[in-house]
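Please load the model in your viewer and keep the selection panel open. The stops below go from one pair of strands to the whole chain, then to a helix pair and a single residue.

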Amino acid sequence: MGGPLGAIIGRYPTAAGGDGDGQIGGGGGGAGGGSGIIRHNRKCRDLVFLVIFIAFWVAMIVNSSFGFNQGNPLRLTYGLDYKGNVCGNRHAKPDLRELMVRYWVNPNQVYLSGIENSQFNLADARSICLMECPVPSEDGLNWVCDYPEGDIRLPMDDWINRDYDYYEFLTSEMRNSSLQLQGPCYPVIFPSVNVYWSCQFIARASNVSLKHWQQMGGVNIDENIIIDKTIHRAINSPSPVLKRYVADVGKAWPVLIVCGGILPVFLSVIWLLMIRHFVAGMTWITVILFNALVISVTMFYYTKAGWIGNDALSVVIGEHDPYIHISGREINHIRAVAVLMTIVMIIAFLSSLAIIRRILIATSVLKVAAKVIGEVQALIIFPILPYVILAVFYMFWFSAALHLFSSGQILRNDCGGNCCSFDLKSNKINCDNCCGYRIHYTRNIGISILFHLFGCYWATQFIIACSSTVIAGSVASYYWARGEISEIPFLPVFSSMKRLLRYSLGSVALGSLVVSIVEWVRFILEALRRRLRHSDPAPVTCTGKFMSSSSQCCLGCIDWILKSVNRNAYIMIAITGKGFSKASAIATGLIMNNILRIGKVNVIGDVILYLGKLCVSLFCALFAFLMLDTHKYKSAHNKISSPLFPVLVTWGLGYIVATLFFAVVEMSIDTIILSFCQDAEEHQGTAQYAPPLLMETLDGQGEMQRLTQGS
């Protein structure tokens, strides 16, 4: 261990007395004659990594500014018209602020794009933006005409009020062009429904409308199921689905604020207060509540999957024929998550049964943490500070993420001459530059998004690590003062925070970076594994499956070990002021030397705390389900494609917030146990500075005493 730590972290009487590198602070007080608690000759550690972290933040700001300049979140939800305008964009020409639904006006172009090996794509079919999908006439023929311009001097509002029909104002040349399906007006032959802001044709042509069209001399219109499947395939492809998921997070921002920001703070504070005043029953309450919440969330997924009740997820926006059933990837994803939650529910129930006999051990160690919280009461409210910092960061990060995901360039396609149409400005049929538009994403945009995601994880880990280090320093002050609050430095939380800001930010940056890198290695390897699996049609052998599962398991174990080592390293950083590497070595040595002494108690305590964090996050997810199940998010422009992403993001935010607050108990237990082990090592197996309650818990007649005796 490189010498006793008593001279550094407490008032342990060393041979050197109170001089030099021993205890600092001089003066009487206690057996060691010194009153300096966790004060010694510290210096800034791991400065290089602090500089790297600051440089990384500068890069994050530059990267985000690119998204704010180039992105438009409307692109994630709404399609492009034939002019390259985003539907619903008030800055487009013409103004499309109320016109959010994309409609393909030429059914023959839609049919042509769906033929196998066709060179014509749906993106090149002529589309315009409307308020709602048009409906065929019951006794005649309805028309949908192009945006009024040129010789058609009709205000946009009048065009909308006329249901987009100005056929009666057309010249004979324009009418003949329209009968050739070249515009500017097009017949409404097929019914359509609004599927995620695009009008999907139903391959059942209106007999009345089709008869009128044929009587007028219109060209033949293809009636085939292809016209239905073509649009459905375009709407339901992976890229649009991912964009809709990201857009759902933006639309559900009130849910994220309430359920992912405010609610977890309220629940976490209640849990801490109950630990303080009702610790004996909290372990049982946590286990029971966890199982109840898992069951509740699973049932909500069953409901949205259509397996329970009549409230299944619908891909259609607005009113529609109840006999029309349209599926989507979103429904399949909901069902997959429902199956996964069923497995989690079964495992959770069996695990709860397995730990029932160990709950009393967790109760004993939680009593020690409750004692610390009662003495250092500022610990209960301290997590509000990192919470506010994290909340401000997430608001900036989510806004930048929405813009980055939508920051592609709008470029015209190259489609040949199959898109001829009547140009109202030039007053003639135009076959040049009539192709559609697409949003082009470069490799740089993908790298920017990955960089942004990595920045979110590193920043989150950094803030959590700073919070944990401050808590560890405060609790260590309590321990090495023998639990006598009068001998703890004034406002120990602020004293610990001052030490962190002055000396140890670089060490915390290094520790959080290590965890972030390992997590991203896992993410990249998993992405590569999935890509290889999809690119190789050959079935995976049993050996391949075993190797893949083994690698994932190994990486998961490494990640868990690193997080555990990091947490204990932060404690030693707070106590000793050492750099990250040295603190990790000290903490690991303490743990290995006392593995029988602290192993079982620490593991069971961590399990209960982990279940507590899951309780908070699951309750947030459950409340998010309830908010998203209201009329606001089921209709009009606020309709979300699926509650899946908003609920998952809410769950994640709730878990992060709970981690900040639960760290008060978690770090209290770990700091007390590590300090106890060090205290016992320096005093020949008998701790001198442990508070009485801790001695009763760890050195009494219970489980810990049997462990220390090696039984």
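Two strands are said to pair if DSSP finds at least two bridges between them. The model shown here is predicted.

**Stop 1: a strand pair**

Select residues 192-195, which form strand 5, and residues 198-201, which form strand 6. The two strands run antiparallel and are joined by 4 bridges. Pick Val193 in the first selection: Gln200 in strand 6 stands opposite Val193.

Now turn the view to check the two faces of strand 5. Are they covered or not? Both are covered: Ser192 and Asn194 lie on one side, Val193 and Val195 lie on the other, and all four are buried.

Next, move to the turn of this hairpin, where 2 residues sit between strand 5 and strand 6. Select Tyr196, whose phi is positive, near 50°.

**Stop 2: the whole chain**

Clear the selection and colour by secondary structure. The protein has 22 helices and 10 strands. Of its 711 residues, 54% are buried. If you compute a surface, the accessible area of the protein is about 32200 Å², and carbon and sulfur atoms account for 61% of that area. A contact map will show how the chain is connected: among contacts between residues at least 6 apart in sequence, 75% join residues at least 24 apart.

**Stop 3: a helix pair**

Select residues 253-277 for helix 9 and residues 279-305 for helix 10. What is the angle at which these helices pack? The angle is about 135°, and the axes are 6 Å apart. Angles over 145 degrees would count as roughly antiparallel and those from 65 to 115 as roughly perpendicular, so helix 9 is oblique to helix 10.

Show side chains for the contact. On helix 9, select Trp271, Met274, Ile275 and His277; they meet Val279, Met282, Ile285 and Thr286 of helix 10. The contact residues divide into 6 nonpolar and 2 polar, with no charged ones.

**Stop 4: Ala400**

Finish in helix 14, residues 384-405, and select Ala400 there. Is Ala400 buried or exposed? Ala400 has a relative accessible area of 0%, so this residue is buried.

Which residues does Ala400 touch, leaving aside those up to four places away in sequence? They are Ser64, Phe68 and His452. Add Pro73 to the selection as well: Pro73 and Ala400 are 327 residues apart along the chain, and their C-alpha atoms are separated by 10.0 Å.

Note on methods. Residues are numbered from 1 along each chain as its sequence is written. This is a predicted model: local features need pLDDT of at least 70, side-chain atom pairs count only at pLDDT 80 or more; totals for chains, interfaces and linings use all residues. Side-chain values use heavy atoms; hydrogens and water are left out. Axes are lines fitted to C-alpha atoms, for helices over the stretch in contact, and angles run from 0 to 180 degrees between N-to-C directions. Angles under 35 degrees count as roughly parallel, over 145 as roughly antiparallel, 65 to 115 as roughly perpendicular and the rest as oblique. Contact means heavy atoms within 4.5 Å. Ala, Val, Leu, Ile, Met, Phe, Trp, Tyr, Cys and Pro count as nonpolar, Asp, Glu, Lys and Arg as charged, and the others, Gly among them, as polar. Buried means under 20% relative accessible area, exposed over 50%, partly exposed in between (1.4 Å probe, protein chains only). Accessible areas come from the Shrake-Rupley method with a 1.4 Å probe; for residues, only the protein chains shown count as cover.
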